[in-house]
Structure formats: structure tokens, C-alpha cells
Amino acid sequence: APPSSVRVSVNSSASITVQWGPVECRHQNGEITGYWVRYGVAGSSEEDRSVLMVSRDSGGMATIFGLSKETVCTVQVAGVTSSGTGVNTDPLTFETPDNVYLSLNGGVIPNHGYLDISDIGS
């Protein structure tokens, strides 16, 4: 079985954080040693997708950098054991924006990788 509860948080127009829950113990084919996170442009071939190996100690989270802005992408996660790679999650589709804005107390603050206090309330 695949990992559970895959979620994507958009950090910027070029970065996302992927989070997932564990593979159910009864569906593991051995001890989980890590996870494969596959991502790429939606509709691209398997060969054109990138793969990130993530440690089992990652807490079920990985941050991916270098994405293109305003692009529809997919991400999948699979557990890895000494017996091999498990089942991929269903593809989760997301779109990277042109620019990301954070909301704070009802106001909107441009996210430039840092928070400048002078931006609050403008």
C-alpha cells in the first residue's frame, strides 16, 4: 500500500513542501528504509520526472526546489524497504503560482522569502 494522506504546501513559485503519513504496518513488505518522492510537469513521461530519495527519519516531509512558476505539476510518494519500492500514491496535482502571498490578520503580504515588518498593514 502507498503512504497515506499526501499533502502539498506551496512555499513560493519555485518551491513546495510535500508531507505524507506512514504506510500501514500490515501493508509494508519489510521495514521502511526511506521514501521516493516523484515529481514533474503534469502529463510528462516517467523518464522526464525527477525523483528525490528521502530518509525514513524525515518525519514524512520533503521540500522540493527549482520548480517553474505557473506550471501544473504532479507529485507521488512511495515507501522503500529492503525488498524494493512499494506502491506509489495516486498523483497529486498542484500548480505553482506566479507569486505567492501570505495572509496575516486579514492583510496580504508579498512573500519574497522573508517577512519585512514594514509590509504589514500596507
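Here are some friendly notes on two arginines, a nonpolar core and two cysteines in this predicted model.

1. **Finding R49.** Start with the loop that runs between β3 (32-41) and β4 (50-55), since R49 is found there. Set aside residues up to four places away in sequence, and R49 touches R38, Y39, G40, S44, T74, V75 and Q76. Keep R38 and T74 from that list in mind, as both come back below.

2. **A charge without a salt bridge.** Is R49 buried or exposed? R49 is buried, and yet no salt bridge is found for this residue. The nearest side chain of opposite charge belongs to E46, at 4.4 Å. A salt bridge has to be within 4 Å, so E46 does not count as a partner for R49. What R49 does have is a polar contact of 2.6 Å, made between its side chain and that of T74.

3. **The neighbour, R38.** Now move to strand β3, where R38 is found. Why does R38 count as buried? Its relative accessible area is 15%, and the cut-off for buried is under 20%. The R38 side chain makes a polar contact with the side chain of E46 at 3.4 Å. Another polar contact, of 3.1 Å, links the side chains of R38 and N88.

4. **What surrounds R38.** Leaving out residues up to four places away in sequence, R38 touches ten residues you can look up in the model: E46, R49, S50, V51, T74, V75, Q76, A78, T85 and N88.

5. **The nonpolar core.** In soluble globular proteins, nonpolar side chains tend to be buried together. Here the largest nonpolar core has 17 residues, and V18, W20, V37, I64 and V77 have the most contacts inside it. Two or more residues each come from β2 (15-21), β3, β5 (61-64) and β6 (72-81). The most come from β3, which gives four.

6. **A closer look at V77.** Try selecting V77, one of the core residues with the most contacts. Beyond four places in sequence, V77 touches P3, V6, V18, W20, Y35, W36, V37, V87, N88 and T89. N88 is thus a contact of V77 and also a polar partner of R38.

7. **The cysteines.** How many disulfides does the structure hold? The count is zero. Look at C25 and C73 in turn: C25 is exposed, because its relative accessible area is 67%, whereas C73 is buried, at 5% relative accessibility.

Conventions. Residues numbered from 1 in each chain as written. Predicted model: local features only at pLDDT ≥ 70, side-chain atom pairs only at ≥ 80, totals over all residues. Heavy atoms only, no water. Buried < 20%, exposed > 50% of the residue type's maximum accessible area, 1.4 Å probe, protein only. Lys, Arg positive; Asp, Glu negative; His and termini not counted. Polar contact = N/O pair within 3.5 Å; in protein donor to acceptor, adjacent residues only side chain to side chain. Contact = heavy atoms within 4.5 Å. Core = buried A, V, L, I, M, F, W, Y, C linked by side-chain atoms within 4.5 Å. Disulfide = S-S within 2.5 Å.
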